[in-house]
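Me: Hey, got a minute to look through a structure with me? I'd like to start with the core and then poke at some helix packing.

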Amino acid sequence: MNPSANTPHERLAHVPVALFASVMGMAGLAIAWTKAHHVAGAPLEVAWVLRWMASGLYAFLLALYGAKLLRHTQAVKVDWAHSVRMNFFPAMSIGLLLLSIAWAQDAPAAAFWMWGFAAALHLAFTLAVMGSWIHQPHYTIQHANPAWFIPVVGNIIVPIAGVRFAPLDVSWFFFSIGLVFWLVLMTIVLYRLFFHEPLPARLTPTLFILIAPPAVGFLAYVELIDRLDGFARVLYFTALFLTLLLSSRAISFFRLPFFISAWAYTFPLAALTIATFEMGARSHQAFYTGLGWILLAVVSSAVGLISFKTVLASVQGKVFAPE
């Protein structure tokens, strides 16, 4: 064993870009608690604490990965060229988009600049990743996995705060990208899952990403049209069905060893929680508010448990290490 492999310098070379999914989970949970406060009277202090935690985590990870870029530029290039890791780079822009949503009410000026920069950055990531898919000859159907949703379908998050920060057509532009390519990628990923070998254990948690596009799409769509119509219900119930489908296999997910990809459980569940409270507020049906409380408990427990396991794995040297 190389004695220098565990030095801080070497650990820096192995900072996983997938860690930015933790910001998505934490910020999503903060927004869920904020929504629960507005709809069902949940204590707002919980949302405030989570919002600051998500912001601090984002700043820490940005500094950490920035140091990796400066000290280990080649390692970052390897991450970008990797068929799976490349899809987690847009988690940086998505994390900032979610923070802009979390801060929009209390710090609108700062949230505006966060949103504007994140939206532009995410569009750049989308163009770069899709360009790679189109022009690189080495991709096969086995490379397709739910993480592919992150760079393209992440555009659907932009309108949630964008309706207050920019002309409406800007939000419709991003919503259109996310919605149309969600349907395209959903077809590709389901074909891969139905007719080819199962996902590797390390990527199995990313199946929960399937929940996020319709859940976030519902939230973006009702912001754009400001009402609950039939298409909004289609999006919400699609997300709910996918959650039930994955929940039916809960035991197999519990049996998996811990990977950083476990953070993929958190943001989709948070998105469904927010969407469920939104359904309760717009439909005035107590069922959805009650379901929202159940989902809030589930996603809060998931974020807490995965945070603990991430810290433990980091202390044990399993996070900043070669895959």
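Me: How many residues are in the largest nonpolar core, and which have the most contacts inside it?
Reply: Happy to help! This is a predicted model, and its largest nonpolar core has 123 residues. Those with the most contacts inside that core are Leu98, Trp133, Phe149, Phe218 and Tyr236.

Me: Which helix gives the most to this core?
Reply: That would be helix α2, residues 20-40, which gives 12 residues.

Me: Nice. What is tryptophan 133 in contact with, leaving aside neighbours within four places in sequence?
Reply: Tryptophan 133 is in contact with Met86, Asn87, Tyr139, Trp148, Pro151, Val152 and Leu185.

Me: Switching topic: at what angle do α10 and α11 cross?
Reply: Roughly 160 degrees, with the axes of α10 (residues 212-225) and α11 (residues 230-247) coming within 8 Å. Angles over 145 degrees count as roughly antiparallel, so α10 and α11 are roughly antiparallel to each other.

Me: And is that crossing left-handed or right-handed?
Reply: The crossing of α10 and α11 is left-handed.

Me: Which residues meet there?
Reply: From α10 there are Pro214, Ala215, Gly217, Phe218, Tyr221 and Val222, and they meet Phe231, Ala232, Leu235, Tyr236, Thr238, Ala239 and Leu242 in α11. By class, the contact has 11 nonpolar, two polar and no charged residues.

Me: One more: is threonine 243 buried or exposed?
Reply: Threonine 243, which lies in helix α11, has 7% relative accessibility and therefore counts as buried. Not counting residues up to four places away in sequence, threonine 243 touches Ile211, Leu269 and Leu272.

How values were computed
Residues are numbered from 1 along each chain as its sequence is written. This is a predicted model: local features need pLDDT of at least 70, side-chain atom pairs count only at pLDDT 80 or more; totals for chains, interfaces and linings use all residues. Side-chain values use heavy atoms; hydrogens and water are left out. Axes are lines fitted to C-alpha atoms, for helices over the stretch in contact, and angles run from 0 to 180 degrees between N-to-C directions. Helices (H or I, at least four residues) and strands (E, at least two) are DSSP runs, numbered from the N terminus. Angles under 35 degrees count as roughly parallel, over 145 as roughly antiparallel, 65 to 115 as roughly perpendicular and the rest as oblique. A crossing is left-handed if the near helix is turned anticlockwise from the far one by less than a right angle, and right-handed if clockwise. Contact means heavy atoms within 4.5 Å. Ala, Val, Leu, Ile, Met, Phe, Trp, Tyr, Cys and Pro count as nonpolar, Asp, Glu, Lys and Arg as charged, and the others, Gly among them, as polar. Buried means under 20% relative accessible area, exposed over 50%, partly exposed in between (1.4 Å probe, protein chains only). A nonpolar core is a set of buried Ala, Val, Leu, Ile, Met, Phe, Trp, Tyr and Cys residues joined through side-chain atoms within 4.5 Å.
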